Amino acid sequence: MKYTGAVGAAAVLVLSLVTVPLRAQGPQMSDTVFKNVQVLKGIPADEFMDAMGMFSSSLGYDCVSCHSPEIYKSRDAFAIATPTIQRARGMIGMVNAINRSYFAGEPRVSCFTCHHGSDRPEFVPNLALQYGEIVFDPNAMPIVPDRQPAVDQVFEKYLQALGGRERLSAMTSFSAKGTYEGSNTGAGSLFPLEIFVKAPNQRAQIIHGPDGDGFKTYDGRSAWAAERWRPLPLMALTGGNLDGARLEAIAWFPTGIRQAFAQWQSSNTRIDDRLVQILQGSNPGGPPVNFYFDTSGLLMRIVRWNRTAVGTVPTQIDYSDYRDVSGVKVPFRTVVRWTDGTDSFVLSEVTANVAIDASRFNRPAPFLRK
């Protein structure tokens, strides 16, 4: 587990790991992976960790803000029910009761509704906020659709900015090398990185760390992570995390983005005082995904959401430093921010249309410390 200000998510209910056998099929569940889980039972382990991210982001906490300081010595200490953990359990019950009573069970209220990054919700109006400048969140899920939808026009401008539909359609695979820096590496530490992608939607990522190689793969249907900081040596990705792995793969082949979602609408916003066009795609039953394009037509950001048992959490992916690779532009810098940390991927070399063995995208072996 990462011990960062965000991963303090683990702060409220992570509650110590249990050694469980890896299963060939099906995700590992929270109450079989972690000890002393009292409330968030029966949910996939990766969703459980996203729920920890909700607590961390909402309260501005890290792990030790809720858990015993003994977690620095032993993972078993995550199971200690501190007063803060017991309070959190009660708060989950309160939030669930509010949603059941007033919103027909829809998750309209979450920890963030009241806390907004503070451990103690304010109950007295803030006049500075009331009369201050209105600041809009460019990453908001609800958007105000344009009166005249511009979805196809924005996509065509995007494809032309990258090199044109014909050249993009000729791209069948990429291999890339570069460096990775994340919340789990320590400030300024860069680890060697390899990425392999194959059209239409397969992706494999390898981070060569000093204590072992970390893998994250998506074979077109299923996704797995075998990385040092995960709570399990091999974790199946589910729900929004599975959708996110698919999106990371599709983004390398932009001609497929349009068809990846059944419904689209367009809007606009400002990021860093720059006008930005938004396209929002959605599929029945799932949260939407926002795509942000600058005035040149290039994709600068994707924001997606993952539903958890305690609310919806966002992931922001920023793209920059576009360079020419075999006649098409590829972003050489990607920064991923979510409630459990920040990851930076900086590429130094990208090769198009290379032969990639299908086994690259298979379920990896569990993480093995060197």
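**Entry 1: a term before starting**

A pocket is an open set of grid points with protein on both sides within 12 Å along at least five of seven lines. I write this down first, and I also note that I am working from a predicted model.

**Entry 2: the second largest pocket**

With that term in hand, I looked up the second largest pocket and found that about 670 Å³ of space lies in it. Its lining is made of 41 residues, and those closest to its centre are Glu227, Trp229, Arg230, Trp338 and Asp343. I then sorted the lining by class, which gave 18 nonpolar, 10 polar and 13 charged residues. Several elements each supply at least two residues to this lining, among them helix 3, strand 3 (202–209), strand 4 and helix 10, and strands 10, 11, 12 and 13 are also on the list.

**Entry 3: the largest pocket**

Next I turned to the largest pocket, which holds about 950 Å³ of space. It is lined by 27 residues, and Met141, Trp305, Thr312, Val313 and Pro314 are the closest to its centre. Which element gives the most to the lining of the largest pocket? It is strand 11, with five residues. Helix 3, helix 6 (111–115), strand 10 (299–308) and strand 12 each supply at least two residues as well. By class I counted off 13 nonpolar, nine polar and five charged residues in this lining.

**Entry 4: the cavities**

I then asked about enclosed space: how many cavities of 30 Å³ or more does a search of the whole structure find? The search finds two.

The largest cavity contains about 380 Å³ of space. It has 26 lining residues, and nearest its centre I noted Ala251, Trp252, Tyr319, Pro331 and Thr334. Two or more residues of this lining come from each of helix 8 (151–162), strand 11 (311–325), strand 12 (328–338) and strand 13 (341–352). Strand 12 makes up the largest share, giving eight residues. When I split the lining by class, I found 21 nonpolar residues, one polar residue and four charged residues.

The second largest cavity has a volume of about 30 Å³, and I could list its lining in full: Arg203, Lys216, Thr217, Tyr218, Ala245 and Glu248. Strand 4 (212–218) and helix 10 (239–250) each give at least two of these residues, and the largest share, three residues, comes from strand 4. By class the lining divides into two nonpolar, one polar and three charged residues.

**Entry 5: aspartate 50**

After the spaces, I followed one charged residue, aspartate 50, which has its place in helix 3 (residues 45–59). Is aspartate 50 buried or exposed? It is buried, and yet it has no salt bridge. The nearest side chain of opposite charge belongs to arginine 304, and it is 6.6 Å away. Because a salt bridge needs a side-chain nitrogen of Lys or Arg within 4 Å of a carboxyl oxygen of Asp or Glu, I can see why arginine 304, at 6.6 Å, does not make one with aspartate 50.

I then looked for polar contacts of the aspartate 50 side chain. One, of 2.9 Å, joins it to the side chain of asparagine 241, and another, of 2.6 Å, joins it to the side chain of asparagine 306.

**Entry 6: backbone angles in the loops**

Last, I checked the backbone. The peptide bond from alanine 199 to proline 200 is cis, with omega near 5 degrees, and I found proline 200 in the loop between strand 2 (191–198) and strand 3.

I also noted two residues that have a positive phi although neither is a glycine. For histidine 116 the phi is about 50 degrees, and this residue is found in the loop between helix 6 and helix 7 (127–131). Why does histidine 116 count as exposed? Its relative accessibility is 53%, and exposed means over 50%.

For aspartate 273 the phi is near 65 degrees. This residue has its place in the loop between strand 7 (263–271) and strand 8 (274–282). Aspartate 273 has 67% relative accessibility, so I enter it as exposed too.

Technical notes: Residues numbered from 1 in each chain as written. Predicted model: local features only at pLDDT ≥ 70, side-chain atom pairs only at ≥ 80, totals over all residues. Heavy atoms only, no water. 1 Å grid on protein atoms, 1.4 Å probe; cavity = no way out; pocket = protein on both sides within 12 Å on 5 of 7 lines; lining within 4 Å. Points joined across faces, edges and corners; volume = space filled by probe spheres on them. Helix = DSSP H or I, 4+ residues; strand = E, 2+ residues; numbered from the N terminus. Nonpolar A, V, L, I, M, F, W, Y, C, P; charged D, E, K, R; others polar. Buried < 20%, exposed > 50% of the residue type's maximum accessible area, 1.4 Å probe, protein only. Lys, Arg positive; Asp, Glu negative; His and termini not counted. Polar contact = N/O pair within 3.5 Å; in protein donor to acceptor, adjacent residues only side chain to side chain.
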